[in-house]
Amino acid sequence: MARPRRPRPGEALLAPFRVLAGGEDLATAGAALLEGACRALEAAEGAILLEEGGFAPGPSWGPPGPAGRLGARPGDRELAGAAGRPLADGPEAWCAMVVEGRVVGVLALRRPAGRPFAGGDLAAVELLATGAALAADRLRFLRLWSARLEQADAAHSQLLRYADDLRTTFSGERRRAEELRAALDAVELAYSATVQALASAVEAKDAYTGGHLARVTAYGTEACRALGGDLAATPGLEQAFLLHDLGKIGVPDAVLNKAGPLTDEEWALMREHPAIGLRILEGVPHMDVVRAVVHSHHERWDGAGYPEGLKDEQIPLAARVFAAVDAFDAITTDRPYRAAVGLEEALHRLREASGTQFAPDAVEAIHLVDRGRLAAIQATADRRRPASRD
């Protein structure tokens with residue numbers, strides 16, 4: 001009967017190298033490599049020591065020898081450190097696992113006692129060590145990239161959570177912004193309604209107003225635009241013109257609506273209305289331009305006005321403009337003691353008083369307003385009632 005053919009060493013080594021080519025775990029692939037190597041080289045035990053700050057025991061196969069497991073016995077680490085090319089010590093063979101000149105570990109095989117490794121066996125051990133080194137390095141690279149991919153995946157997940165948090169935060173902030181905008185709109189509506197109510201109160205108290213508030217506001221707004229600069233965009237400018245005579249609320253009706261000339265005492269009371277208006281607005285926020293017009297619209301460029309006797313540019317710009325348009329409306333509106341004059345005559349009279357009663361820049365601004373626009377505003381006057389007394 002013929003003996004079974006023993007596989008040639010080259011064929012026997014194919015199995016462990018196939019394991020090395022497809023393994024994804026060093027412990028599993030290393031153990032399979034060692035099993036194949038031991039079977040190919042008729043060894044009883046195999047071990048791989050990994051160079052990770054010292055030669056530490058790694059994958060192994062087969063039962064330990066009398067002195068203990070390969071790589072874990074006293075002196076094995078020193079023996080591994082001395083291994084370069086295959087080193088034979090009787091029934092044991094040790095060979096460094098080298099990749100690009102860098103030692104990544106040591107392959108150790110042990111045969112039963114009395115069966116030493118020979119020269120041809122050592123060549124096979126070196127081949128296996130080289131393959132084991134490449135496998136270990138490939139698996140180390142896979143392990144490294146797996147860790148990096150896990151980190152990247154964790155970072156990606158964190159970014160997704162962060163983006164979701166940002167979306168939630170943004171949605172919340174947008175909702176709060178919309179609520180704030182709605183609240184601000186409500187405040188602005190309430191503010192406008194309050195201003196209109198105050199203006200209506202003044203208009204109702206003065207029997208001679210006759211639409212004066214609406215006209216001077218329109219004239220003043222147009223003049224401020226013509227003047228240029230930032231004045232026309234000043235928050236509260238229209239409210240300032242509407243509320244310029246707010247202080248008349250505190251003037252007695254008998255004085256305010258007196259048909260004949262006022263006495264000196266009555267004029268003194270009438271001239272208190274800028275200060276009264278200022279006291280009414282005291283402490284109200286965001287009303288600076290309103291306070292300026294309310295308190296200073298009777299000041300004169302030459303300093304002869306009231307209540308402070310301010311002159312030239314001491315007078316706030318909005319108040320200077322208002323003083324001119326207020327007079328313009330008075331000149332172009334019927335009064336008990338005289339009829340209204342035409343627009344050109346009114347502009348001429350303002351020009352004559354420029355530099356004395358009125359600020360030159362304010363007078364020039366009114367002259368720059370389109371004549372058609374001035375006529376349209378003037379046409380709204382209620383000619384059934386005379387204009388207010390100032």
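Two strands pair if DSSP finds at least two bridges between them. Helices (H or I, at least four residues) and strands (E, at least two) are DSSP runs, numbered from the N terminus. With these terms, the sheet can be read.

This is a predicted model, where local features need pLDDT of at least 70, side-chain atom pairs count only at pLDDT 80 or more, and totals for chains, interfaces and linings use all residues. Residues are numbered from 1 along each chain as its sequence is written, and side-chain values use heavy atoms, with hydrogens and water left out.

**The sheet**

β1 and β2 form a hairpin. The link between them has 3 residues. In that turn, G53 has a positive phi of about 75°.

The hairpin strands belong to an open sheet of 5 strands, in the order β2-β1-β5-β4-β3. Pairing is antiparallel. β2 (55–61) and β3 (87–89) are the edge strands, each with a single partner, so one side of each has no neighbour in the sheet. Neighbouring strands are turned by 20° against each other on average, direction ignored. Angles here run from 0 to 180 degrees between N-to-C directions, and axes are lines fitted to C-alpha atoms, for helices over the stretch in contact.

| Strand pair | Bridges | One facing pair |
|---|---|---|
| β1 and β2 | 5 bridges | G46 and W61 |
| β1 and β5 | 6 bridges | G46 and L109 |
| β3 and β4 | 3 bridges | D89 and E92 |

G46 thus appears twice: W61 stands opposite in β2, and L109 is the bridge partner in β5.

**Buried parts**

Buried means under 20% relative accessible area, exposed over 50%, and partly exposed in between (1.4 Å probe, protein chains only). In strand β1 (residues 45–51), 6 of the 7 residues are buried, so the rest of the structure largely encloses this strand. Helix α10 (residues 288–296) is also largely enclosed, because 8 of its 9 residues are buried. Among them are V289, R291 and H295.

D76 lies in helix α3 (residues 76–82). D76 counts as buried because its relative accessibility is 4%. Leaving out residues up to four places away in sequence, D76 touches R69, L70, G71 and W94. Contact means heavy atoms within 4.5 Å.

**A helix pair**

Helix α12 (residues 343–352) packs against helix α13 (residues 360–368) at an angle of about 160°, with axes 9 Å apart. The two are therefore roughly antiparallel (angles over 145 degrees; under 35 is roughly parallel, 65 to 115 roughly perpendicular, the rest oblique). L347, L350 and R351 of α12 meet V363, E364, I366 and H367 of α13.
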